[in-house]
Amino acid sequence: MYIKVVPCLCERMTNWNVVGIFTAVDMSENRTGNAPPVLGPEIYSPWRASRLGCITESLEENLLLELVGDPKGLDVLDVGCGDGDLAFSLAESGACVVGVDPSEGMIDKAREMAELRNSTATFQCDEGESLSFDEARFDLVLAKTILCFVDDAPMVFSEMARVLRPNGRLVIGELGRWSFWALQRYIRGRFGSRLWRRGNSWTSAQLRTMAEDAGFTVTEIRGSVFYPRWAFAARVMSRFDEPLGRMTTFGAAFIAMAATKDGFAS
Ligand SMILES: C[S@@+](CC[C@H](N)C(=O)[O-])C[C@H]1O[C@@H](n2cnc3c(N)ncnc32)[C@H](O)[C@@H]1O
């Protein structure tokens, strides 16, 4: 009975539309063959258009942009850029942005959007674990919610360090482990979602350790998205998000970290 009730409850929660993108992706999983499920661009617009998605995405993006500071004139790499949303914001602020993602569907969508938005951001297929750029090519590397899907997260950190110039900056945003959202993903992973069976979430200590092992000095870690996956809760609690996120990452569905690549000043 337990086995039947829990997935059924998860399904009901999906129908109530109180869950976000990471439940929407369950429904869009590639369930054919043995290929691992992949995220496609088709899930992003409905998620961003939903009230919960709109509040959550803007909290996350604003936090990352705050940690980035003024990107004007910087060479920026967005690893796992998806459909390019963050890359467009940075390009509009005067950065020279390249977005990479292993998903051809995501890159096609990002290129289509770049044309529509008349953006200078460019996009290409590439994997975080083996970036096809020379070392010390970028001033700033960004990665938003990609480590949850990669096979070798420490390798991604070491690649991001390689392509950064000495004293270059890394800004990442990841799925926080100690949150309602992570609990729900865990349940979905246990009861059917192949995507979430392989999806990881992180503690701030784990992110810090991987960054330091790759040669970064961590300068700031912040939490965000402390509410459960419910639009009403998001509306009420989002006003406390910033002060809470400065105090702790416990309970945060999103953890942002800024770091500097160790090196000599030029
Ligand atoms: C949740 S989406 C985030 C997309 C985008 N960063 C954003 O926040 O809108 C995760 C992205 O990571 C990409 N991804 C998966 N495996 C990856 C890898 N090994 N290296 C780089 N990106 C990867 C996926 O294709 C997907 O676009």
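The exercises below, each with a worked solution, deal with a predicted model of a protein with a ligand.

**Exercise 1. Overall composition**

Find how many helices and strands the protein has, and what share of its residues counts as buried.

Solution. Begin with the secondary structure: the protein has twelve helices and seven strands. Next, take burial: of the 266 residues, 45% count as buried. Then turn to the contacts with a separation of 6 or more: 72% of them are between residues 24 or more positions apart.

**Exercise 2. The sheet**

Determine the order of the strands in the sheet and name the edge strands.

Solution. Step one is the order: seven strands make up an open sheet, arranged β3-β2-β1-β4-β5-β7-β6. The pairing in this sheet is mixed. Step two is the edges: β3 (122–125) and β6 (216–224) each pair on one side only, and these are the edge strands. Step three is the twist, which averages 15° from one strand to the next.

**Exercise 3. Strand β7 and its partners**

State which strands are joined to β7, by how many bridges, and in which direction they run.

Solution. First take β6: eight bridges join β6 to β7 (residues 254–261), and the two run antiparallel. Within this pairing, Gly223 has Ile255 of β7 as its bridge partner, and Ile221 has Met257. Now take β5 (residues 164–175): seven bridges join β5 to β7, again antiparallel. Glu174 stands opposite Ile255 in β7. Ile255 is thus named in two places, with Gly223 and with Glu174. Last, check burial: seven of the eight residues of β7 are buried, leaving the strand mostly covered.

**Exercise 4. Two helices**

Identify the strands that helix α5 lies across, and explain why the buried residues of α8 line one face of the helix.

Solution. Helix α5 (residues 85–92) lies across β1 (75–79), β2 (96–101) and β4 (138–144). Its angle to β2 is about 170°. For α8 (residues 180–190), list the buried residues: Trp181, Ala182, Gln184, Arg185 and Arg188. Looking down the axis of α8, these buried residues fall within an arc of 160°, so they line one face of the helix.

**Exercise 5. The ligand shell**

Count the residues that surround the ligand, name the closest, and divide the shell by residue class.

Solution. The ligand is surrounded by 18 residues. The closest are Gly80, Gly82, Ser103, Gly128 and Lys144. By class, the shell holds eight nonpolar, five polar and five charged residues. In this division glycine counts as polar.

Conventions: Residues are numbered from 1 along each chain as its sequence is written. This is a predicted model: local features need pLDDT of at least 70, side-chain atom pairs count only at pLDDT 80 or more; totals for chains, interfaces and linings use all residues. A residue is near a molecule or strand if its C-beta atom, placed from the backbone, lies within 6 Å of it. A residue is buried if 20 or more other C-beta atoms lie within 10 Å of its own, exposed if 12 or fewer, and partly exposed in between; C-beta atoms are placed from the backbone. Helices (H or I, at least four residues) and strands (E, at least two) are DSSP runs, numbered from the N terminus. The arc is that of the directions from the helix axis to the C-beta atoms. Two strands pair if DSSP finds at least two bridges between them. Axes are lines fitted to C-alpha atoms, for helices over the stretch in contact, and angles run from 0 to 180 degrees between N-to-C directions. Two residues are in contact if their C-beta atoms, placed from the backbone, lie within 7 Å.
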